[in-house]
Amino acid sequence: MFITYARLQNFKSYLDSSFEFDSGVNIIVGPNASGKTNLLDALYLVATGSSFKSTKDKATQINYDKDWSRIDIITSNNQTRTLKIQEQNKPTIEIDKQVYKRLPFAKKTAVVMFEPNQLYQITTSPDQRRSLLDDIILKIDTSFNKLKNDYTRTLMQRNRLLKQPKHIIKQQIFAWDIRLSELASVYATKRVALIERINQTSSDIYSSIAGKKHKFLLSYESKLPIQNYSSGLLSKLQQNLEIDCLRGYTGYGPHRDDVLMLINNKDIRNVASRGEARSVLITLKIIELKFLEEVYNQRPLLLLDDVFGELDGSRRKSLMEFISENQTFITTTDADLINHQFANNSQIIITDKL
């Protein structure tokens with residue numbers, strides 16, 4: 001299944017625009033602030049029920065002087081989807097006349113999204129790298145969302161308890177430590193299992209994109225042994241209770257672990273150029289693409305926002321070879337790139353006029 005048509009009404013910078021798409025590569029060309037990323041966000045929204053942008057403000061998805069927005073798409077199997085957003089109501093998605101306030105997993109379309117801001121996830125703080133990993137698990141493991149929410153709530157309860165008088169802490173803390181340790185073990189184990197799957201193909205894919213043999217691997221970094229994570233965490237929580245009370249938060253657990261990304265055994269934060277960091281992120285997106293295809297039993301949509309920046313010609317060519325079998329949407333400001341490299345194998349969409 002692929003998207004053949006989309007109409008955007010009052011959505012962000014669009015007043016009323018319609019687009020026809022090819023089943024292969026669709027390249028969206030236009031200057032900055034011409035609505036290229038907004039078009040990708042519209043497709044992501046109607047496919048998954050949520051935005052890839054980190055905002056819950058419906059007003060940001062409605063044209064500035066309107067009070068509603070709407071996205072309509074038609075797919076290759078003649079399915080129609082309509083997303084409606086109104087300032088006073090929750091967004092709804094209508095699929096073949098069935099209305100949903102929250103899109104169930106079975107109705108979601110598999111989508112992989114690349115955006116430049118994600119580059120910071122692999123080169124900045126541990127919480128960003130953890131988030132990058134967790135986002136993949138959320139898409140391929142239907143039980144993970146509940147696990148993550150349960151762990152987060154339990155962690156918050158324990159942190160609140162740490163701020164209570166000592167006699168209350170001593171009465172209640174052990175029960176929370178037990179619960180947190182049990183959830184944490186499952187959480188960390190799922191992360192490690194995903195990393196092991198990623199590492200099966202990561203070096204080969206990265207080497208193909210880079211045009212040179214490299215070893216690219218992920219490593220899960222924790223102060224606790226994965227094999228005995230639950231008992232190890234319980235012991236640490238009890239040993240460090242006084243320290244946790246002083247600082248007011250829990251110092252051990254999956255929320256404090258890290259995900260290292262290594263090229264030839266060296267941390268990419270110390271050695272990777274911006275082009276190499278972009279190649280690392282592209283590698284992870286290609287692997288995610290393959291994982292989602294297995295889960296959904298369909299080829300995912302691939303949305304690539306400004307993916308060609310800081311990639312040389314050979315890396316661009318390698319990327320195109322990996323994505324040739326998926327319906328792909330690529331944004332770029334570089335019209336010359338399109339004319340010389342990809343025009344014969346792609347649908348060109350111009351967004352300079354909305």
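**Exercises on salt bridges and a sheet**

In this predicted model, the side chains of lysine 190 and aspartate 141 form a salt bridge, with 2.7 Å from N to O.

**Exercise 1.** Determine which parts of the chain the pair of lysine 190 and aspartate 141 links, and classify the accessibility of lysine 190 and of aspartate 141.

*Solution.* Lysine 190 belongs to helix α5 (residues 166–199), while aspartate 141 sits in the loop between α3 (126–140) and α4 (144–161); the two are 49 residues apart, and the pair thus links distant parts of the chain. Next, buried means under 20% relative accessible area. Aspartate 141, at 19%, therefore counts as buried. Lysine 190 has 23% and is partly exposed.

**Exercise 2.** Establish whether glutamate 288 and lysine 285 are buried or exposed, and locate both residues.

*Solution.* Both residues lie in helix α10 (residues 274–296), three residues apart, about one turn of the helix. Their closest N and O atoms are 3.8 Å apart, and the cut-off for a salt bridge is within 4 Å, so the pair qualifies. Glutamate 288, at 4% relative accessible area, is buried; lysine 285, at 8%, is buried as well.

**Exercise 3.** Identify the edge strands of the open sheet and explain what distinguishes them.

*Solution.* The six strands follow the order β2-β1-β4-β5-β6-β7, with antiparallel pairing. The edges are β2 (16–20) and β7 (98–100); each has a single partner strand, so one side of each lacks a neighbour in the sheet. From one strand to the next, the twist averages 15 degrees. Within the sheet, seven bridges join β4 (residues 68–75) to β5 (residues 80–86); tryptophan 68 has glutamine 86 in β5 as its bridge partner.

Terms used. Residues are numbered from 1 along each chain as its sequence is written. This is a predicted model: local features need pLDDT of at least 70, side-chain atom pairs count only at pLDDT 80 or more; totals for chains, interfaces and linings use all residues. Side-chain values use heavy atoms; hydrogens and water are left out. Two strands pair if DSSP finds at least two bridges between them. Helices (H or I, at least four residues) and strands (E, at least two) are DSSP runs, numbered from the N terminus. Axes are lines fitted to C-alpha atoms, for helices over the stretch in contact, and angles run from 0 to 180 degrees between N-to-C directions. Buried means under 20% relative accessible area, exposed over 50%, partly exposed in between (1.4 Å probe, protein chains only).
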